[in-house]
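Got your viewer open? Load the model, get your selection tool ready, and let's walk through it stop by stop.

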Amino acid sequence: MVLLQEARDLYAQLQDEGGVLWALLGMSDIHQATGDDARAASLAEESIVVARKLNDRLGLAWALNNLGLILIEAGRFENAVAPLARATRISGDVALFQNNLGTALEGSGHFAAAKTAYQAALAADSNYAKSAASLARAGAASSFGNRVDGSRGRRKVDGLPIQGPSMDALTVPPCRATRL
């Protein structure tokens with residue numbers, strides 16, 4: 001982490017905003033991996049601002065994806081849909097972005113839309129096994145309809161539990177990055 005912070009500072013001194021952007025994304029990933037979701041979200045949002053300033057569409061897509069993934073892991077599926085949908089509009093050919101959008105939609109109870117996102121992930125990369133498994137699960141859930149019982153973080157579709165993080169973790173601040 002220290003090396004990425006130093007790299008960000010050095011890039012800033014050199015006025016290399018692209019370097020700053022990718023250092024911020026790396027720092028966000030590390031904070032997320034270590035469980036500091038609030039700091040990870042803050043860094044992801046900072047990277048969104050930098051990517052927009054640079055008009056770096058790929059960097060913006062990755063920053064939006066990172067923010068969406070942080071929100072998913074915090075159980076804030078509905079909040080994750082908007083940044084992930086924007087990431088897929090920018091880079092629809094990245095299976096990971098489509099899969100993460102599917103996860104957010106599935107966790108929000110939008111099983112038919114999740115199925116479409118998982119299909120898009122497989123269209124982008126037919127070998128993306130995670131999407132194949134998710135598509136099967138979302139397909140089965142969509143046959144029951146879009147009903148979710150979200151009591152105490154346990155999500156169910158007509159009594160069947162669906163996979164995903166607990167909805168009890170609500171520590172990540174809401175997304176401030178609302179426009180592309």
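Start with the whole protein selected: of its 180 residues, 45% count as buried. Here buried means under 20% relative accessible area, exposed means over 50%, and partly exposed is in between, using a 1.4 Å probe and protein chains only. This is a predicted model, where local features need pLDDT of at least 70, side-chain atom pairs count only at pLDDT 80 or more, and totals for chains, interfaces and linings use all residues. Residues are numbered from 1 along each chain as its sequence is written, and side-chain values use heavy atoms, with hydrogens and water left out.

Now switch to cartoon view. You should find eight helices and two strands, and from the N terminus they run α-α-α-α-α-α-α-α-β-β. Helices (H or I, at least four residues) and strands (E, at least two) are DSSP runs, numbered from the N terminus. As for contacts (heavy atoms within 4.5 Å), take those with a separation of 6 or more: residues 24 or more positions apart account for 55% of them.

**Stop 1: the beginning of the chain**

Select residues 2-13, which form helix H1. H1 has 12 residues and reaches 17 Å from its first C-alpha to its last, close to the 16 Å expected at 1.5 Å a residue. That expected span is 1.5 Å times one less than the number of residues in the helix.

Next, click on glutamine 15, in the loop between H1 and helix H2 (17-33). What is its phi near? Phi of glutamine 15 is near 60°, a positive value in a residue other than glycine. Glutamine 15 counts as exposed because its relative accessibility is 71%.

**Stop 2: another positive phi**

Jump to asparagine 55, in the loop between helix H3 (37-54) and helix H4 (57-73). Asparagine 55 isn't a glycine, yet it has a positive phi of about 55°. At 62% relative accessibility, asparagine 55 counts as exposed.

**Stop 3: helix H4**

Select H4 itself. Its 17 residues reach 24 Å from first C-alpha to last, close to the 24 Å expected at 1.5 Å a residue. How many of the residues of H4 are buried? The count is 12 of 17, so H4 is mostly covered. Try colouring some of the buried ones, including Leu60, Asn65, Asn66 and Ile70. Then show what covers them, which includes H2, H3, H5 and H6.

**Stop 4: a helix pair**

Show helix H5 (residues 77-90) with helix H6 (residues 95-107): they pack at an angle of about 155°, with their axes 8 Å apart. Axes are lines fitted to C-alpha atoms, for helices over the stretch in contact, and angles run from 0 to 180 degrees between N-to-C directions. That angle makes H5 roughly antiparallel to H6 (a label for angles over 145 degrees). Turn on side chains to see the contact: among its residues are Phe77, Val81 and Leu84 of H5, and Phe97, Leu101 and Leu105 of H6. The contact residues divide into 10 nonpolar, five polar and no charged. Ala, Val, Leu, Ile, Met, Phe, Trp, Tyr, Cys and Pro count as nonpolar, Asp, Glu, Lys and Arg as charged, and the others, Gly among them, as polar.

**Last stop: a serine**

Finish at serine 131, in helix H8 (residues 129-142). Is serine 131 buried or exposed? Serine 131 is buried, with a relative accessible area of 0%. Leaving aside its neighbours within four places in sequence, serine 131 is in contact with Asn99, Tyr118, Ala121 and Leu122.

Note on methods. Parallel < 35°, antiparallel > 145°, perpendicular 65-115°, else oblique.
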